Amino acid sequence: MEVFYGKASLATYLLLEKLGIEVVLQKNASCCGQIQANRGCRDDAEKIVKKFADDFSNMDVDYVVSPSGSCVSMIRETYPYYLGKGNDDYLKLKNKTFELCEFLLDVLKIEKLPYDASAPKEVSVHYNCHALRHLHLSQRSEQVLKERREGKVERLLNLVSDIKILPLDNPDECCGFGGTFSVKEAAVSNVMGLSKLKQHQDSKSKCIVSADVSCFMHLAGLSSRNKLGFEFYHVAEILTWGMGK
Amino acid sequence: MKRHAELAEDFLKDKEKALWHNDSVWSVRKKRDQLALEIKDFEGLKDLASEIKLHTLTHLDEYLEAFEKNALARGIKVHWAKDAKECNEIVYDIARKNGAKNVIKSKSMLSEEVHLNHYLEKKGLEVVETDLGERIIQFEKQTPSHIVLPAIHLKREEVGSIFHKNIGTPKGNGNPTFLTHAARAHLREKFLGADVGISGVNYGVAETGEIVVCTNEGNADLTMGLPKVHIALMGIEKVVPKLEHLSVFTTLLARSATGQPSTVYTTHIAAPRKGGEMHVVLVDNDRSKFLGDERLYEALKCIRCGACLNTCPVYRYSGGHSYNYIIPGPIGSALAPFRSYKNYNDMAFACSLCASCSGVCPVKIPLDRLLFHHRQSAVQEKAVSKLEKLMFGFVSFSMLHPSMWGLLNKSALFFMRLVPMKLINLFSMGWGKYRDLPNVDKSFSELIKERKEKR
């Protein structure tokens with residue numbers, strides 16, 4: 001979010017500010033520790049998790065908001081593994097931490113944007129697996145349901161005029177990023193990513209929107225290497241289009 | 001021994017076949033989705049199945065003893081095997097006492113786990129698999145690449161040539177119906193000449209002492225019913241308390257496994273055939289070790305439906321033989337590292353942690369969480385290279401020290417702006433082989449600073 005996707009971070013910041021939220025940045029923040037955790041470096045992960053929990057617990061804020069579903073899933077689902085389930089400080093932090101789409105739709109309950117957001121584009125949506133299966137930003141296809149609700153990214157994009165959302169055949173399929181998986185199992189990761197991009201191509205989309213940029217590093221890297229010409233945007237970026245006018 | 005990542009890379013060299021494998025396996029997952037919708041509350045049924053299993057596993061001693069008592073009362077002989085060696089010895093001993101030469105088998109993942117065929121063959125017995133898929137791979141001396149669809153990695157033409165080589169079907173005939181008829185004729189001979197039939201067990205009912213075997217081809221019924229001696233191998237986790245609990249599992253099993261409303265045959269065996277013998281071998285083989293682990297014991301809920309394999313993109317794109325353990329895919333990767341971190345630590349990493357497996361599992365095993373847990377133990381057990389540990393140590397240290405982290409980010413930016421992307425890609429290991437690094441634009445700190453200066 002700092003080095004590669006500064007624009008997405010800035011868009012999140014501007015969007016929240018425009019919605020009347022006072023945004024404070026945690027200058028000490030580095031990482032939630034997911035890389036270490038998923039790699040199995042338990043000792044390192046535990047230290048980073050504790051630092052993160054301390055840094056953010058000590059802030060005098062009502063909510064902690066992150067434009068990354070996988071980081072929020074780390075805090076919500078995986079932190080208890082290192083911190084213990086009954087840790088009071090952790091529970092307070094957990095209960096006030098939200099992924100951006102959740103925060104906009106479930107906490108702020110926004111129904112429209114306070115400016116004329118417009119994005120004349122045909123887009124397709126990518127959910128990262130943790131946002132989908134841990135945070136339930138959209139309904140998972142594994143779950144046997146008679147009726148399906150619209151996903152949160154789509155609900156937010158529908159607040160923007162002129163946008164057209166193109167559906168995918170199998171939107172749940174993992175793109176094969178998976179953090180260090182993309183390096184350790186590079187061959188499988190590659191074919192998973194290319195299959196995922198093929199789905200987007202088949203939908204006639206040239207522009208992929210997600211609530212999480214971590215998979216984008218992988219997908220954009222593949223798109224660039226294979227000259228597929230996709231554009232990638234964080235949902236916050238799309239939501240801020242038209243804000244300055 | 002090659003690791004999953006290398007074996008997967010080999011599998012993916014035949015890209016067309018890998019994509020075909022993915023499509024075939026995924027079509028089974030799609031059938032599961034359709035069939036599951038026919039049940040009024042499939043998700044509720046999954047909860048119930050999970051609870052029955054958790055209850056049974058936490059009262060396993062009581063139910064196993066009840067099962068033994070009731071089975072004995074029906075004239076079924078019950079044996080207890082603490083490990084693979086004991087299991088194989090018990091089976092061979094029964095065969096030897098009956099002067100057996102020819103053994104037929106229906107599908108049993110437990111027999112694969114204990115390497116029973118190999119053991120019996122070394123003792124001079126002929127062992128013939130009667131499940132079609134198992135028979136195909138037995139001809140090729142392969143292991144199953146899927147727990148329900150053991151020959152899913154083979155195309156029909158390949159099966160045609162295996163049959164041509166082994167049972168003399170015409171060269172070049174890959175017609176599935178023709179090949180099935182040929183296999184039936186071949187197997188009929190084996191059924192009629194068999195002295196002992198060995199089967200697996202899907203469920204052992206504690207209340208009644210009977211066993212239940214679910215199959216699609218009817219071969220298990222012949223295996224259990226034709227020879228004078230029937231030996232059933234049963235993992236100790238396969239016991240269910242009462243008959244009434246069975247319907248929960250039979251409703252879930254075939255739907256989750258192959259997208260069928262039920263298996264074609266669901267056979268209850270409650271006594272030896274007239275004048276014959278029936279044995280049940282209760283096998284532990286590390287199951288009590290799992291039972292003693294506060295997280296991993298949930299893996300024992302597994303009913304071997306294979307739904308987690310069908311949904312797993314890593315399994316679909318890498319094939320079952322890329323996993324070194326006899327059970328591939330998510331459930332195999334949950335079971336294997338606990339048996340030996342040294343041999344199987346790579347399996348917990350053959351996973352993008354997408355968690356689709358946990359969502360389809362009909363008994364709600366938190367598979368992705370178990371793999372996550374294994375990863376922590378794998379690294380603790382020094383199953384990860386020193387260089388990697390060192391690199392991670394450096395990154396972790398920086399993350400813990402804000403000024404260091406800031407410096408690291410700034411130098412990364414500086415470096416990537418200075419050095420051409422093509423050169424960086426050369427040194428970015430597995431990453432650069434297939435992908436470019438993202439373009440570096442302005443960092444968040446720089447953008448925020450610019451904005452403040454503008455105001």
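A residue counts as buried here when its relative accessible area is under 20%. By that cut-off, 58% of the 455 residues of chain B in this predicted model are buried. Chain B contains 24 helices and ten strands, and its C-alpha atoms fill a box of roughly 95 × 55 × 45 Å along the principal axes. Contacts that reach far along the sequence are well represented: among those in chain B between residues at least 6 apart, 74% join residues at least 24 apart.

One such pairing of distant sequence positions can be followed from helix α2 of chain B, which runs over residues 15-37 and includes K30(B). K30(B) and G259(B) are separated by 229 residues in sequence, yet their C-alpha atoms lie 7.8 Å apart in space. With a relative accessibility of 46%, K30(B) is classed as partly exposed, because that class covers values between 20% and 50%.

Three histidines of chain B make a helpful set to visit in turn. H230(B) sits in strand β7, which spans residues 229-235. Its relative accessible area is 3%, so H230(B) is buried. The side chain of H230(B) makes a polar contact of 2.9 Å with the side chain of S199(B). Beyond the residues up to four places away in sequence, H230(B) touches S199(B) along with G197(B), I211(B), M224(B), I269(B), E277(B), M278(B) and H279(B).

H153(B) belongs to a loop instead, the one between α8 (132-139) and α9 (156-167) of chain B. This histidine is buried too, because its relative accessible area of 9% falls under the 20% limit. With residues up to four places away again left out, the partners of H153(B) include two further histidines, H21(B) and H321(B). K17(B), W20(B), I137(B), Q142(B), S145(B) and E158(B) are also touched by H153(B).

H115(B), in the loop between α6 (109-113) and α7 (116-122) of chain B, has a relative accessibility of 51% and therefore counts as exposed. Its backbone deserves a look as well: phi of H115(B) is positive, about 55 degrees, although the residue is not a glycine. Most residues other than glycine have a negative phi. Chain A offers another example in D162(A), whose phi is near 70 degrees. D162(A) is placed in the loop between α8 (152-157) and β4 (164-165) of chain A, and a relative accessibility of 54% makes this residue exposed.

Turning to chain A, helix α4 covers residues 69-83 and gives a simple check on helix geometry. At 1.5 Å a residue, its 15 residues should span 21 Å, and the distance of 20 Å between the end C-alpha atoms agrees with that expectation. The helix nevertheless carries a kink of about 45 degrees at E77(A), shortly before the proline P80(A). Most of α4(A) is covered, with 13 of its 15 residues buried.

Part of the surroundings of α4(A) is provided by helix α3 of chain A, residues 42-57. The two helices pack at an angle of about 115 degrees, their axes being 10 Å apart, and the crossing is left-handed. On the α3(A) side, the contact is made by R42(A), A45(A), E46(A), V49(A), K50(A), F52(A) and A53(A). From α4(A) come M74(A), I75(A), Y79(A), Y81(A), Y82(A) and L83(A).

Other residues of α4(A) meet L135(A), which lies in the loop between α7 (129-133) and α8 of chain A. At 5% relative accessibility, L135(A) counts as buried. Not counting residues up to four places away in sequence, L135(A) touches G69(A), V72(A), S73(A) and R76(A), together with E99(A), E102(A) and H130(A). The C-alpha atom of L135(A) is 20 Å from that of F56(A), a residue 79 places away along the chain.

The end of α4(A) completes the picture. The helix is followed by G84(A), whose phi is positive, near 90 degrees. K85(A) is found in the loop between α4 and α5 (88-96) of chain A. With a relative accessibility of 73%, K85(A) is exposed. Leaving aside neighbours within four places in sequence, K85(A) is in contact with P80(A) and L91(A); P80(A) is the proline that comes shortly after the kink at E77(A).

Technical notes: Residues numbered from 1 in each chain as written. Chains lettered and ligands numbered in written order. Predicted model: local features only at pLDDT ≥ 70, side-chain atom pairs only at ≥ 80, totals over all residues. Heavy atoms only, no water. Helix = DSSP H or I, 4+ residues; strand = E, 2+ residues; numbered from the N terminus. Expected span 1.5 Å × (residues − 1). Bend = angle between axes of the 7 residues up to and from the residue. Buried < 20%, exposed > 50% of the residue type's maximum accessible area, 1.4 Å probe, protein only. Polar contact = N/O pair within 3.5 Å; in protein donor to acceptor, adjacent residues only side chain to side chain. Contact = heavy atoms within 4.5 Å. Axes fitted to C-alpha atoms, helices over the stretch in contact; angles between N-to-C directions. Left-handed = near helix turned anticlockwise from the far one by under 90°.
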